[in-house]
Amino acid sequence: MTKLAMFGGTRTVTAQDADPALICWPVVTDAERAGALRVFDSGQFTSNNTDGEVQLLEREWARYVGTAHCAAVSNGTAAIELALAAAGIEPGAEVLVPAFTFIASAIGPVQRSLRPVFVDIDPVTFCMDPAAAEAAITPRTRAVIVVHLHGLPADMTAFRALADRHGLLLVEDAAQSHAATYQGARTGSLGDIATFSLNVVKNLPTCGEGGLVTTGSAELHRQVELRRQFGEQLQGAKERDYRSRLLAGNEKLSAVQASFARAQLDRLDEYHAARTRNVTAFLDRVGALPGLLTPHTPADRTHAWHILRLRFDVTAMGHAGVEPGAMRAMLHRALRAEGVPVQPYQVVPLPGQPAFRELGHQAEDFPVTCEVIEDSLTLQRWHLNPSSGPVLQRIADAFEKVWGHLDVLGTAAAGQTHRPAWRTAQKAGV
Ligand SMILES: *Cc1c(COP(=O)(O)O)cnc(C)c1O
């Protein structure tokens, strides 16, 4: 058996395999360059021009998602804040947010002086658990923010029913799920209002920061438009009247960023198809390894494959009793040494973040989230590049090699004392 790279053996994924052209993200082509020049030469840099790049992006994204309306905004966090503001939810009200997501899902409510109430996740989809959401509802609950985590749509039938039963605003945080579908409909068209990020790391990127808000409601859309522009109602070619109808800030997208996103949108379906092929071929191989659990996509959904999360089962790996977190640390070291870009992502449940300490939660109150964090590895970014197929196969080689050494790695992990990151975070008291 070949020696592990962490013990001085040969690295599986070489620098040549990981050629920047095959793994970089976003992929920049002449279409993006031409788009930027088009904006420079037009002199129309703001979002206020009729038929400017921003309006074109809004129309194209609304058509793509299948909603009547789309408003471009400055980033995905602002999009969440504006969606909640548009619905007029009063300060102090509660908003359900999954315990496992990027922190922005909870910061949107905080920016509106709303109280995020965290809800544990489903162990298979990694999205908010509808039954746990139901249990977290109080007379003060006004909205539920469902996150299609890692690119897999949440159980929207259950959340629609829950929102209707309790009169809640149903918000989709679709920052990770561009192009994913649920029962044939695209994410962004499934709730009352939905938010996307165009951050450079997302599946539909711009050259920096950006966001989109989609909705079928003309009134919610109008409110988002007002609130991204100082409360002003801009009306196409008409002169700006500088009358602020309500107190609001400035959360708009620029024309250069819109032009970049439009060029990316032209290739989104093609990239999405390539990603699905490449990722499926990779998961088919690593899914055959004992104890390695690949993401499950329910039959009524398609996955956008934003982040790849692989859970493992120490018992099926032949190391019953070893702490999953200790095993994860060992696998992480071994895979990194082989050149695999495993990366930690959200190492504590959101309610366990030092920033949320005053809400008084214990990370352990969210046991499924804790379990998933401890017994899974994540891969980010390389697979977003449509040409990453061959390097993903090399990564599968590396997993197979590491799995060939589970006896040594498992024994080493068994000798480690492991402290979950949320305990360290609590201790550090930053
Ligand atoms: C990235 C992300 C956001 C925030 O988007 P930004 O554009 O970075 O502000 C919100 N929610 C989720 C789930 C995200 O992944």
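**Exercise 1.** How many residue pairs are in polar contact between domain 1 and domain 2?

*Solution.* Start with the model: it is predicted, so local features need pLDDT of at least 70 and side-chain atom pairs count only at pLDDT 80 or more, while totals for chains, interfaces and linings use all residues. Residues are numbered from 1 along each chain as its sequence is written, and side-chain values use heavy atoms, without hydrogens and water.

Next, find the parts: domain 1 spans 30-266 and domain 2 spans 268-428, with bounds from an automatic or database domain assignment.

Now count polar contacts (N or O atoms within 3.5 Å, one able to donate a hydrogen and the other to accept it; residues adjacent in sequence count only if both atoms are side-chain atoms). The result is 17 residue pairs, both residues at pLDDT 80 or more.

**Exercise 2.** Find the salt bridge across this interface.

*Solution.* Look for a side-chain nitrogen of Lys or Arg within 4 Å of a carboxyl oxygen of Asp or Glu. The rule finds one across the interface. Asp269 pairs with Arg186 in a salt bridge, their closest N and O atoms 3.8 Å apart.

**Exercise 3.** Describe the area buried between the domains.

*Solution.* Take the accessible area (1.4 Å probe) that the two parts lose on being put together, summed over both. For domain 1 and domain 2 this gives about 3,400 Å², with 62% on carbon and sulfur atoms. Then look at domain 1: Phe118, His150 and Asn203 supply 21% of the area it buries against domain 2, more than any other three residues.
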